[in-house]
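Hi,

Here is the structure I said I would pass on. Have a look at it, and then read my notes below.

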Amino acid sequence: MQIFGVDIGGSGIKGAPVDLDRGDLAADRHKVLTPRPAKPDTVADGVRDVVEHFGWKGPVGITFPGVVTAGSTVRTAANVDKSWVDTDARELLGERLGGLPVTVVNDADAAGVAEIEFGAGKGRGGTVILLTFGTGIGSALFVDGRLVPNTELGHLELHGHDAEKHASSKAKEDHDLSWEHWARRVQKYLAHVEMLFSPELFIIGGGVSRKAEKFVPLIKGIRAEIVPAQLQNNAGIVGAAMRAAQRR
Ligand code: BGC
């Protein structure tokens, strides 16, 4: 079965039809730039452009980089325009897609669902935490394969700051940090999350997971196993489509 997946990210809105049996894209993905400011109306236009590129007419799963309730109300918008807060994302995006059935989920939750089913968390029980390092830090918490939705572990306090301001990959770029320097920050962050949740496994996602060999070996003193995500940049698209299939 195929369902369309869209990932709304800090820099791009990416999408493709997803083959749910293989957990992979069924066609090369299409990307448009995320509008700045990333307001509901213009982001919705971007989502429409991506879906229309494929002439898709079926269900669509869409990620959002903030808390999205089960009823699809957006509750937080740390890295997109604040006017998203309290919007009904399903209604807005569904209308813009000409009435196609739409499911909207948190981006890290979507990536986590894909990794647990098809990637680095496959077959893993116990407590597993996926963390995406990108514009912000996203989190997905699993207990015996079941998602606890909308955890916001990127906003834990670290040294008196919002952790994602200190340890996201955007922080690495903005402050021109070396891999060593940034890995120390990530290590402190992981130690804090480990102290609170004692997971068996951390899965490191986000674009930077492609360069995992540059920083994961530098992270010391964490008891949990640390592995890079396997679906990398496609995890959000695949997971969004999976959530849409589960909710039909
Ligand atoms: C948001 C999360 C999101 C993460 C990654 C954070 O700022 O609060 O909901 O998952 O960024 O986009």
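First, a definition: rings of Phe, Tyr and Trp (its six-membered ring) pair if their centres lie within 6.5 Å, and planes under 30 degrees apart count as stacked, over 60 as edge-to-face and the rest as tilted. F133, W179, W182, Y189 and F215 form one aromatic cluster by that rule. The model is predicted, so to speak of local features we need pLDDT of at least 70, with side-chain atom pairs counted only at pLDDT 80 or more, while totals for chains, interfaces and linings use all residues. Residues are numbered from 1 along each chain as its sequence is written, and side-chain values use heavy atoms, leaving out hydrogens and water.

W179 has a charge as company: the charged end of K172 sits over its ring, 4.2 Å from the centre (NZ of Lys or CZ of Arg within 6 Å of the ring centre and within 35 degrees of the ring normal).

The count comes to eight aromatic pairs. Take F4 and W56: their ring centres are 5.7 Å apart and the planes are at 45°, so this pair is tilted. F4 is buried, at 0% relative accessible area, and W56 is buried too, at 16% (buried means under 20%, exposed over 50%, partly exposed in between, with a 1.4 Å probe and protein chains only).

Now the contact (heavy atoms within 4.5 Å) of helix 3 with helix 8: A110 and F118 are among the residues of helix 3 there, and helix 8 brings in residues including M242 and R243.

Cheers

Methods
Helix = DSSP H or I, 4+ residues; strand = E, 2+ residues; numbered from the N terminus.
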